[in-house]
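Student: Could we go through this structure together, one question at a time? I would like each answer to show how it is reached.

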Number of protein chains: 2
Amino acid sequence: MVKYVYFFGNGKAEGDGSDKNLLGGKGAGLAEMTNLGIPVPPGFTITTEACIAYQKNKTYPEGMWEQTLEALKKLEETTKKKFGSNENPLLVSVRSGARVSMPGMMDTILNLGLNDETVKGLATSSNNERFAYDSYRRFIQMFSNVVLGVEHSKFEKLISEVKKGKGYSLDTDLTAEDWKGLVEKFKALVLNETGKPFPQDVMEQLKLAINAVFDSWDNQRAKTYRKINKIPDDWGTAVNVVAMVFGNMGNDSGTGVAFTRNPSTGEKEFFGEFLINAQGEDVVAGIRTPEPIARLKDEMPGVFAQLEEVYKKLESHYKDMQDIEFTVEKGVLYMLQTRSGKRTARAAVKIAYDMYKEGLIDKKTAVLRVAPEQVDQLLHPMIDPKEKYTSIAKGLPASPGAAVGRVVFTADDAESWAAKGEKVILVRDETSPEDIGGMHAAEGILTATGGMTSHAAVVARGMGKCCIVGCGAIHIDEEEKVFTVGNITVKEGDYITINGSTGEVILGKVKLVEPELSGEFAEILSWADEFRKLGVRTNSDTPHDSKVAREFGAEGIGLCRTEHMFFEGDRIDAVREMILANTEEERRKALAKVKPYQKEDFKGIFKAMDGFPVTIRLLDPPLHEFIPHTDEDIQKVANASGIPFDVLKKKRDELHEFNPMLGHRGCRLGITFPEIYEMQVYAIMEAACEVAKEGVKVYPEIMIPLVGHYKELEMLREMTVRVADEVMKQYGITLKYLVGTMIELPRAALTADEIAQYAEFFSFGTNDLTQTTLGLSRDDSGKFLPFYVEKGIYKEDPFVSLDVNGVGQLVEMGVTKGRKTRPDLKTGICGEHGGDPASIFFCHKVGLNYVSCSPYRVPVARLAAAHAALKQQ
Amino acid sequence: MVKYVYFFGNGKAEGDGSDKNLLGGKGAGLAEMTNLGIPVPPGFTITTEACIAYQKNKTYPEGMWEQTLEALKKLEETTKKKFGSNENPLLVSVRSGARVSMPGMMDTILNLGLNDETVKGLATSSNNERFAYDSYRRFIQMFSNVVLGVEHSKFEKLISEVKKGKGYSLDTDLTAEDWKGLVEKFKALVLNETGKPFPQDVMEQLKLAINAVFDSWDNQRAKTYRKINKIPDDWGTAVNVVAMVFGNMGNDSGTGVAFTRNPSTGEKEFFGEFLINAQGEDVVAGIRTPEPIARLKDEMPGVFAQLEEVYKKLESHYKDMQDIEFTVEKGVLYMLQTRSGKRTARAAVKIAYDMYKEGLIDKKTAVLRVAPEQVDQLLHPMIDPKEKYTSIAKGLPASPGAAVGRVVFTADDAESWAAKGEKVILVRDETSPEDIGGMHAAEGILTATGGMTSHAAVVARGMGKCCIVGCGAIHIDEEEKVFTVGNITVKEGDYITINGSTGEVILGKVKLVEPELSGEFAEILSWADEFRKLGVRTNSDTPHDSKVAREFGAEGIGLCRTEHMFFEGDRIDAVREMILANTEEERRKALAKVKPYQKEDFKGIFKAMDGFPVTIRLLDPPLHEFIPHTDEDIQKVANASGIPFDVLKKKRDELHEFNPMLGHRGCRLGITFPEIYEMQVYAIMEAACEVAKEGVKVYPEIMIPLVGHYKELEMLREMTVRVADEVMKQYGITLKYLVGTMIELPRAALTADEIAQYAEFFSFGTNDLTQTTLGLSRDDSGKFLPFYVEKGIYKEDPFVSLDVNGVGQLVEMGVTKGRKTRPDLKTGICGEHGGDPASIFFCHKVGLNYVSCSPYRVPVARLAAAHAALKQQ
């Protein structure tokens, strides 16, 4: 016979804290507390297995009901009360409890066991008629709502009518007689609504309540919650049937919730609130304002002392901050629940650090206590949690943090306003590489279109700058320099605040707070470094970003994009000259002008990364990205540069592509215009040699993008090695440098064995690999991808979290095949996924050597890499 | 000791015809003919293995030279002449000969063994001093050119000077003394050019000649040829050293080449030409005009009779049409070469058919004798082979056949001119779906841009219409209605001829001939059907194309694109109304107008394919393809439809995509606008039920495009089955129908096991799969892909011939994973590759059930499928 029911009471439980999967979190906690000798009202837990069995054909599995009756009998013996008795009735609460907490998602029924007869017994035994009828009406209300489906508001309406008629203002004004009258009205309402009288048989009540809890596992709310939180559908919920204890039996009773440490700051202080003479739901409902837990010391010093003892016991037992619920019935303390408490990132860091220092947990545990997903909060300015505000629109939270500034609509305006000392928010339909300067100058960026990996999002994250994208509710009129949301109009120069962590757009200025990267956080990260196997590098294109990333713990650069450098200052003119060249000779002449800039950039980056490897990707985007697109912009460039309008326009048309993502870019440029890549390799190697002569330890890794066929790499590697050898000979110096490739096309992964012949490293460009593998343009997917995620087709935006089932197969294949050819092949990831904890976990699993991410994600990656290593152990 | 040298002579050879890999084609042929008792001058063959060994370090492998000397001794004994003798010198030819014929790619030296002394012996033994010195000067010329690298023209210049000085007009006017004098001048030239005297040592001559042949395997010409013809670099060439026989010893001598059947028509007639008193190279050089072989009967009846006997013997021995070379020396016939003769498609069919009927070959062999690549020639009008013309430009031969017509520059003009009975060629920069009507009306299409799978190319091939794309030399001025090529201007209305088989653009009208699908060809195809395992379906969107394809042997439709139907006639108005709709209700209203058209189309196609399955793909392209793109076109549509310009423009901007290939299309439309697919399924199933009631056997296969995640298919399959059941219930009929998907994204192939849960068939859309796997837009690749193919990065345009190493892996993975989930999964291919023989071979190998291709490629596919099956046996 399968055991479906586990009893606890009298200091002994059939299960314990390790039975979370079977008994649910709440049930396991109750059992564990019972075994610890902590005062818990007795009761029993019906297992999650019973729930799963019940789900199949909506009947109890064999033996479950019999075991329930047995447990109920034991409960009666323990409490010395009787279920359904007219004299000293046993009342129970029936609560759900899944493996993991799903707050508010499933149903709870209190005071079960009351009917027209037992209520009288309760009045007698408690010597409190008002309490008895108040409890009965609460039970009818709750049971009818949860089990019978009668709307809660209909009951509330009846209470209001009585209050109005009697001139009461508070529920506490109602007398025993008032509640008695209302109980009759409630029962009439139930009969009217359901066609049946309110069940008087306490056994039927219990059965219906158990069924309701079981069924609540599959209600729409719970399903949605599970989908969002990735909880499997087949876990099921346990049912906890517990003897009722009453916090509402007078001023020697009460109820409260508390945390063993401060969940907001992590400070080691008992933190929480309580209500005298109240039941648990009163705290939640907010009808009365609870008091801080410290005041309990004054009101019930004995209870408070006992509570302190319990929380210390619980913390030292669970070795984690606990979230507890308790009730005091006539001066006697009962614990109703204990579980690990939710906490802010700040608190998580502080608690983990303190508990390690207190000797409560080891380093590994301390590291595992800080969720990588959460710590991003600690790395950006935030809206002051004390501020109240309402948002006017919501977009995608593309890059976290918050920013306040005056609205501008063009990158040029952003730059000129910022130059005058104004803080600005750049608001655009979408951004393009030409906007880089303006994005840099702005405090934050807000776009109407684009997804989580649109240009604006990627660049902003790279800059660690707050950004909201795809905010479809705003309509921008660039000419009039206004945007509208519904009937709100925001003009150029108006202040707005944007919250890149939530996607909220707020009118006016909201106060921000600068978060600190505390010493404790830094220490926990250094512990994480002891455990992680994955290296953590950064994606950085400038000496400044490189320094920031290094301060955050980056161990090198995994992706330095050379094209961003092409836009800065005057150099764009030389780049355009190169693009407009009609012969190789003209092109070489223009490239010669670009080279000194590139060389200087590389020198700066090499110096910033002294001692660490720097992976530099040769030119990747199609050339048309460097030419203005609209006739107006062409005219502007024509005016400024003296290049005739027609020449620019013709080149634009010539370079136009239907699908630039799949066009003439990456190594295809290097193959058709070898002189471009050649110039870049000269610049890299000359820079490397020059800084090496200054004593900098430099490890250049030259990366060829968009390779699809090994012959592409073979040709370009030949050129790279030739140029590198020439430069090193010229400087009379020998450097260790690597030549490798991005794996960002499915074909590259499929033929990684061939490609590895010519590559010393692979860097998985999972942004583009996702685009090609899924056939999904990240710039265009905003029209349907959110809908896809909503419908659960993809659980997460595959540009945010790596699509392990699809793209992941190619990454794994690339690693395996590549290492088959070259066992010491260095492998890493440099897509946006390099900063996503779930993706980092995958990278660890398939054995990559490193991940690379935005500077501001480096701490997240360090922590996630440690989690991956520790969880795999 | 490895045997490197194989002797033949005196009716016996050490090797035979099966030794092609070792002796090369020529050597094996000479050995085989010798063994057959056919008169062949004696000689020996140095093996390809020796060549490969030599390539490694440019020295002969051990024993090769000793074996050569031995064979040379045997040759002296056989010919009763002596190499280097002053009295009766042995002269030899030294020729290359690889496994497969590489015409003109490698080097040949004749008359080797002559020097200042032996030439006197030759004069004596031949009793012909002029012949001897003519031979000597030929030898110096050839040897110096091939071995010593002296330019041929320098020798010719010396000859011209003598002729000019003496007032001769022909080479034959030169006397023995003239040649003697020239020999001295030639030797002086060699000394001057090379710094060394012309080698007089005959052994040195032989050694140098052998080296030159070996080295010729690696000259640039040969390398390029091998690359183009996919011949491995490590095959090597054999060297044939053969006793010279002379066709230039007077009027009882001569030389000729002949085919055992007519290589142009296939008629069973001895076909060729000969020259009296000439050496082989005179025939090739075209200095004298050869006479038809039939005249040999008059001139040398004995020799002709002997030749007839030889050719019959060779044909019955080789069981194939032979291409032979012979020389008559003083009335004695020598065969110098035999090999399978190249032939036109027409001849290939006729010869294979005849030989089967003659009992010479079996059916399998007959089928294998007709190359699938070639038969496409037989299916389109061609330029009359007798016509002489010069082309003004050359583009990519996108769709074979030829067309003559008057130039028009817009689809509208094409339609209106055609309506007036004019034959037109539509000339455009590129075509778009809106041009379909005009393309249909035109005789042929010429575009300035685009690649082999651009819109124009794909649609034209689908229509079986002649098309040239990517003809970059033409510059179109649509406004002025002219195009220019250099300084040639072609105006609207001018006649041009285009050859879609070669890519040539010709001014004016050139005569065309209509090829016939002869009874013999049809019969050979029916034999092919007996052997092939692959089904052959067609890609067709209209009843007309379906009928054509069926006549060509298609066994169903593998891809019926529903979107082409959206453009015809008035329906585009309803489609645009649907796209402009702002609510689902409006969209449904517009769709209701489209449905009757779709239904009628499907009925027509079902009827045309009575008894065969019809795979219908639901709407695939992004909606913006149905909206005009330029402001001018928008204005036109606005005027015609009454829809305001601004509304159209706004919708165009709203639907604009950066990478439409990776955008909101395929099943993504079906997911976000379910009503569109729903309408299509209603139309399909209603059409099917209605024709079924008329007695048509109908097997609809509903295909969901662009699936990347199984949940997409799960959702859309649910809808499809629901609608199908509803329709069948309504008509009171049960039809067998399938629901399946395109596999055209890498992710679909990677997760084919999941997708097969919901798919009864997979159709590999290898066009899109190639685009995504290689990250290559077929519309944009024209700027670099030709260069890639030229550089050998891809051996063939991957849109023309399936990239087996990359895309092929995904196809194979898709089949394997799909069948693991669903063993009876039907699999096919419907990309352009379905009509490409190499790709069909691959499809057979991985076990697909069918290929689907343009109607006009169906015969090619039938034949290729048979070849694949027979070659695998």
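Student: Which residue in β6(A) is the bridge partner of A:Ala98?
Tutor: In this predicted model, strand β4, residues 92-98 of chain A, is joined to β6(A) by seven bridges, and the two run antiparallel. Strands here are DSSP runs of E of at least two residues, helices are runs of H or I of at least four residues, and both are numbered from the N terminus; two strands pair if DSSP finds at least two bridges between them. Within this pairing, the partner of A:Ala98 in β6(A) is A:Thr237.

Student: Which residue of β6(A) does A:Gly43 stand opposite?
Tutor: Strand β3 of chain A, residues 43-46, is joined to β6(A) by four bridges, and these two strands run antiparallel. In β6(A), the residue opposite A:Gly43 is A:Val242.

Student: How many of the residues of β6(A) are buried?
Tutor: Buried means under 20% relative accessible area, exposed means over 50%, and partly exposed lies in between, with a 1.4 Å probe and protein chains only. On one side of β6(A), A:Thr237, A:Val239, A:Val241 and A:Ala243 are buried, and on the other side A:Ala238, A:Asn240 and A:Val242 are buried too, which leaves both faces covered. For the strand at residues 237-243, the count of buried residues is seven of seven.

Student: In chain B, which residue of β3(B) is the bridge partner of B:Phe7?
Tutor: Strand β1 of chain B, residues 5-9, is joined to β3(B) by four bridges, and the two run antiparallel. In β3(B), residues 43-46, B:Gly43 and B:Thr45 point one way while B:Phe44 and B:Ile46 point the other way, and all are buried. The partner of B:Phe7 is B:Phe44.

Student: Which residue of β8(B) stands opposite B:Gly43?
Tutor: Four bridges also join β3(B) to strand β8, residues 237-243 of chain B, and these run antiparallel. Opposite B:Gly43 in β8(B) is B:Val242.

Student: Are α19(B) and α34(B) roughly parallel or oblique?
Tutor: The axes of α19(B), residues 519-531, and α34(B), residues 858-872, come within 8 Å and cross at roughly 45°; axes are lines fitted to C-alpha atoms, for helices over the stretch in contact, and angles run from 0 to 180 degrees between N-to-C directions. Angles under 35 degrees count as roughly parallel, over 145 as roughly antiparallel, 65 to 115 as roughly perpendicular and the rest as oblique. The crossing angle therefore makes α19(B), relative to α34(B), oblique.

Student: Is B:Asp836 buried or exposed?
Tutor: B:Asp836 is found in the loop between β33 (826-829) and α33 (837-845) of chain B. Because its relative accessible area is 12%, B:Asp836 is buried.

Student: How far apart in space are B:Asp836 and B:Ser641?
Tutor: In sequence the two residues are 195 residues apart. From C-alpha to C-alpha, the distance in space is 42 Å.

Student: What is the mean pLDDT of chain A?
Tutor: The pLDDT is the predictor's confidence in each residue, from 0 to 100, and 98% of the residues of chain A reach 70 or more. Local features need a pLDDT of at least 70, side-chain atom pairs count only at pLDDT 80 or more, and totals for chains, interfaces and linings use all residues, while side-chain values use heavy atoms, without hydrogens and water. Residues are numbered from 1 along each chain as its sequence is written, and chains are lettered from A and ligands numbered from 1 in the order in which they are written. The mean pLDDT of chain A is 91.
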